[in-house]
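Please look over the model shown below before reading the account that accompanies it. The report is meant to be read with the coordinates open.

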Amino acid sequence: MGEKLKPHSSRWPVANVLDIRPGHPRKLWHFSVDKQKPQLREDRVVEDEGPISQEIVGKDWRAAVQKRLNIAWLPAERIFLRALQLPLCDEGELAPMLELQLEKLSPLPVGQVVWTHLRLPGGLENQQTILLVILPRAAVEQFLGVLEAQGFNADRLDLPILDQLLALQPASDSAWLVPINATTSLAAWWANGAWQNISLLGTASVADRAKALRNQIAQIQWAGELEGWLLAEPDWHLVGGPETINEWEPAVAEALGKSPEVQPPPAPAELATRCAERALRSGNAAALLPSERALAYQQQLNNRLWIGALGAVLSAYVIGVILYVAALQVVKFQQQRIDASVRQIAGSYTNAFQMKKRVEILEQQANLKFAALDAWKTAAVELPQELQLSSLVISGGKKMTLFGTGPESAQTKVTDYNERLAKTTINGQKVSVTPPDQRLSGSPGNQTLNWNFAVTIGEDSK
């Protein structure tokens, strides 16, 4: 069965049209697309050997972000064309309608062809003109192999002759000849406001061109008369550039018995623009591209994207490991330098630390001595005249114990002395005192009072 992919609504921001047909200048037209309108950005000559620039046509991760519609022009020598008048219908109903007639119309078994259709302007009342395009699958597969060898994976296969046909503007009943190469031309007949017959005329050789054209044109005219659409001799037009006209006009004039009206064809860049615009407008990206080949290209792209993503992740991982190892080596080198510096200053540090401790001990001893002197001074200043201070013991720099004597009647003086010391400060710090311990010694009538109490230097003075 012929190949036909369902239309889809993909947006293509970039389109490329490639022409590497034998006998034609090898060209690549690169378009940017704005609102489904192609704008020509580059007209590039394609070398006879070597791959086509992948920067423009390659399918990689950039194609996943910015889709590229790659169109290749097929050679037209082996195509079969048939203009059909069909009832008006929606586009979704047209393909099934054509599939029902394909087996009857196809020159080859349906399984050996690929096909598409083109809606043409004009048509009879309540009818539409559809051009059925059929190619041998083997020829298409062979052409795809040539494209793949040059690094071009096509999203669509098309025929520039179709855009040449759409560019024709017949004003009345007329016939048009559009040469394709030295031995093949397109013949299109316009009558009763519609394209009635579209076919390829071929000659075995250039020498037999006039005779072959005469015979084939006569056959089409007989068929048109039988079908009722050819009622009079049409106006003949020959479409081609100067070189083509010089080559074909004598044979055409001989076959027709009169000279045709000459009309220049659209420039190749214009045909490429028309082809890209028609592909973007139709939404049928594949057209004559076999569906299994389109799926294979998509799978190849997906595989490349996955492999590329895995490669990028692996590369990032390897780079991360290398950076980690390098950073680790730097840290180890810095640590070694620090360790060496520590070893160099370890002895000096130990000596300095020991010296600091000695200084702290000496300072503590000096503080204790000053504290003892302050405590002694305070105790001496506050001591009543009736009492004698026999000794003062300082322990820990915070506590001093006073020992003294006095007459038997001086017990209240000891108590007063104790209370006054409790209200004093020593070296800026408040003190706390314990109750005095008083004892009498000696014979009655001649007893001596022995007393003692502790003074603790503790709270900060305010």
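The text that follows treats the sheets, the nonpolar cores, a buried helix and the largest pocket in turn.

The structure is a predicted model, and the description starts with its strands. One open sheet consists of 5 strands in the order 3-2-1-4-8, with mixed pairing. Its edges are taken by strand 3 (37–45) and strand 8 (156–158), each of which has a single partner strand, so that one side of each is left without a neighbour in the sheet. From one strand to the next, the twist averages 25°. Within this sheet, strand 2 and strand 3 are paired in the antiparallel sense over 8 bridges, and Ser32 stands opposite Gln39 of strand 3.

Strand 4 (residues 68–73) contains Asn70, a residue that is buried, with a relative accessible area of 0%. Although 85 residues separate Asn70 from Asp155 in sequence, their C-alpha atoms are 5.1 Å apart in space.

Another open sheet, again with mixed pairing, is built from 5 strands in the order 11-10-9-12-13. Here strand 11 (194–202) and strand 13 (261–263) stand at the edges, and because each has a single partner strand, one side of each has no neighbour in the sheet. Neighbouring strands are turned by 20° against each other on average, with direction ignored. Strand 9 and strand 12 (residues 235–239) run in the parallel sense and share 4 bridges, with Leu238 in strand 12 as the bridge partner of Leu177.

Strand 16 (residues 425–426) and strand 17 (residues 429–433) run antiparallel and are joined by 2 bridges; together they form a hairpin with 2 residues between them, and Asn427 in the turn has a positive phi of about 60°. In this hairpin, Thr425 stands opposite Lys430 of strand 17.

The strand pairs described above are collected in the following table.

| Strand pair | Sense | Bridges |
|---|---|---|
| Strand 2 and strand 3 | antiparallel | 8 bridges |
| Strand 9 and strand 12 | parallel | 4 bridges |
| Strand 16 and strand 17 | antiparallel | 2 bridges |

The next topic is the nonpolar interior. In soluble globular proteins, nonpolar side chains tend to be buried together. In this model, the largest nonpolar core has 45 residues, of which Leu147, Leu157, Leu159 and Ile198 touch the most other members. Helix 4 (residues 137–149) supplies the largest share of this core, 4 residues. Separate from it is a second core of 19 residues, which includes Ala379, Leu449, Trp451 and Phe453.

Is helix 5 (residues 160–167) largely enclosed or left open by the rest of the structure? It is largely enclosed, because 7 of its 8 residues are buried, that is, under 20% relative accessible area. The buried residues of helix 5 are Pro160, Ile161, Leu162, Asp163, Gln164, Leu165 and Ala167.

The largest pocket has a volume of about 760 Å³. Its lining comprises 33 residues, and those nearest its centre are Arg21, His24, Pro179, Ile180 and Thr244. Two or more lining residues come from each of strand 2 (27–34), helix 5, strand 9 (174–179), helix 7 (242–256) and helix 8 (268–282), and helix 7 gives the most, with 5 residues. Sorted by class, the lining of the largest pocket holds 20 nonpolar, 7 polar and 6 charged residues.

Terms used:
Residues numbered from 1 in each chain as written. Predicted model: local features only at pLDDT ≥ 70, side-chain atom pairs only at ≥ 80, totals over all residues. Heavy atoms only, no water. Core = buried A, V, L, I, M, F, W, Y, C linked by side-chain atoms within 4.5 Å. Buried < 20%, exposed > 50% of the residue type's maximum accessible area, 1.4 Å probe, protein only. 1 Å grid on protein atoms, 1.4 Å probe; cavity = no way out; pocket = protein on both sides within 12 Å on 5 of 7 lines; lining within 4 Å. Points joined across faces, edges and corners; volume = space filled by probe spheres on them. Nonpolar A, V, L, I, M, F, W, Y, C, P; charged D, E, K, R; others polar. Pairing = 2+ DSSP bridges. Axes fitted to C-alpha atoms, helices over the stretch in contact; angles between N-to-C directions.
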